[in-house]
Amino acid sequence: MRHVLVLNGPNLNLLGVREPEVYGSATLADIGALCRAEGLLLGLVVDFRQTNAEHEMLAWIHAARGVYNAIAINAAAWTHTSIALHDALKTFDGPVVEVHLSEPMEREAFRHTSYIEPLAAARFAGMGPEGYVRALAWIAQSERPGP
Ligand code: DQA
């Protein structure tokens, strides 16, 4: 079985309550359940996590090396700010897939820079929770060898 780490950054714990007109009505728990169910169909073991602490996110990425085959990440606002997250993801030895519920490129200018995109093997944005499903499907079909 291939193991996938699905990471979620700051404020995504408030999904369902936070700006539903932008992010939709699904909660983070709903998306986690969706990912695990989709993982079962695709033959992936999904470890789904969220944190508001950047140091915790960095530690999870450091520990993922040699343990997970791929990372799917919705880095939320850190997408647009964190070179530390970019550097940490670069240490990972499998594919990294960038996910967003909304399409940041169609929103405010400050969301148009992504520090994840230069190292991402694929990107799914603007399709709500379906973006996570598409990321997992991409990983399942990816030929790239993992640990
Ligand atoms: C987001 C988009 C980011 O710009 C924003 O900061 C988020 C969520 C998304 O999923 O659409 O928190 O990553």
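Two strands pair if DSSP finds at least two bridges between them, and the helices and strands named here are DSSP runs (helices H or I, at least four residues; strands E, at least two), numbered from the N terminus. Everything below comes from a predicted model, where local features need pLDDT of at least 70, side-chain atom pairs count only at pLDDT 80 or more, and totals for chains, interfaces and linings use all residues. Residues are numbered from 1 along each chain as its sequence is written, and side-chain values use heavy atoms, with hydrogens and water left out.

**View 1. Strand β1 pairs with β2 and with β3.** Start with β1, which spans residues 2–8. This strand is mostly covered, since six of its seven residues are buried (under 20% relative accessible area; exposed is over 50%, partly exposed in between, with a 1.4 Å probe and protein chains only). β1 and β2 run parallel, joined by seven bridges. Look for Val6, which stands opposite Phe48 in β2. β1 also pairs with strand β3 (residues 70–74), again in the parallel sense, over five bridges. Here, Val4 has Ala70 of β3 as its bridge partner.

**View 2. Phe48 and Tyr132 form an aromatic pair.** There is one such pair in the structure. Rings of Phe, Tyr and Trp (its six-membered ring) pair if their centres lie within 6.5 Å; planes under 30 degrees apart count as stacked, over 60 as edge-to-face, and the rest as tilted. The centres of these two rings are 6.3 Å apart and the planes make an angle of 45°, so the pair is tilted. It links distant parts of the chain: Phe48 belongs to strand β2 (residues 44–50) and Tyr132 to helix α5 (residues 130–141), 84 residues apart. Are these two residues buried or exposed? Phe48 is buried at 14% relative accessible area, and Tyr132 is buried at 2%.

**View 3. Val6, Phe48 and Tyr132 are busy members of the largest nonpolar core.** A nonpolar core is a set of buried Ala, Val, Leu, Ile, Met, Phe, Trp, Tyr and Cys residues joined through side-chain atoms within 4.5 Å. The largest one has 23 residues, and these three touch the most other members. β1, α2 (28–42), β2, β3, β4, β5 and α5 each supply at least two residues of this core. Which helix gives the most? That is α5, with four residues. Another core lies apart from this one; it has 19 residues, among them Ala64, Tyr68, Ile71 and Ala75. Back at Phe48, the residues in contact (heavy atoms within 4.5 Å) include Val6, Leu28, Ile31, Cys35 and Tyr132, not counting residues up to four places away in sequence.

**View 4. Arg49 meets both Asp47 and Trp60.** A salt bridge is a side-chain nitrogen of Lys or Arg within 4 Å of a carboxyl oxygen of Asp or Glu. The structure holds five of them. One joins Arg49 to Asp47, with their closest N and O atoms 2.8 Å apart. Both partners are partly exposed, Arg49 at 23% relative accessible area and Asp47 at 24%. The charged end of Arg49 also sits over the ring of Trp60, 5.0 Å from its centre (the rule asks for NZ of Lys or CZ of Arg within 6 Å of the ring centre and within 35 degrees of the ring normal).

**View 5. More salt bridges involve Glu98 and Arg111.** Glu98 pairs with Arg123, with 3.8 Å between the closest N and O atoms. Glu98 is in strand β4 (residues 96–100) and Arg123 in strand β5 (residues 122–125), so this salt bridge ties together parts that are 25 residues apart in sequence. Glu98 is buried, with a relative accessible area of 1%, whereas Arg123 is partly exposed at 26%. Elsewhere, Arg111 and Glu108 meet at 2.7 Å, N to O. Arg111 counts as buried at 16%, while Glu108 is partly exposed at 34%. Shared partners also join Glu98, Glu103 and Arg123 into one network of salt bridges.

**View 6. Leu12 and Ser142 are two buried residues outside the helices and strands named above.** Leu12 sits in the loop between β1 and α1 (20–23) and is buried at 2% relative accessibility. Its C-alpha atom is 8.8 Å from that of Asn74, which is 62 residues away along the chain. Leaving aside neighbours within four places in sequence, Leu12 is in contact with Arg18, Leu28, Gln50, Asn74, Ala76 and Tyr132. Ser142 is in the segment after α5 and counts as buried at 14%. What does Ser142 touch, not counting residues up to four places away in sequence? Its contacts are Arg2 and Pro95.
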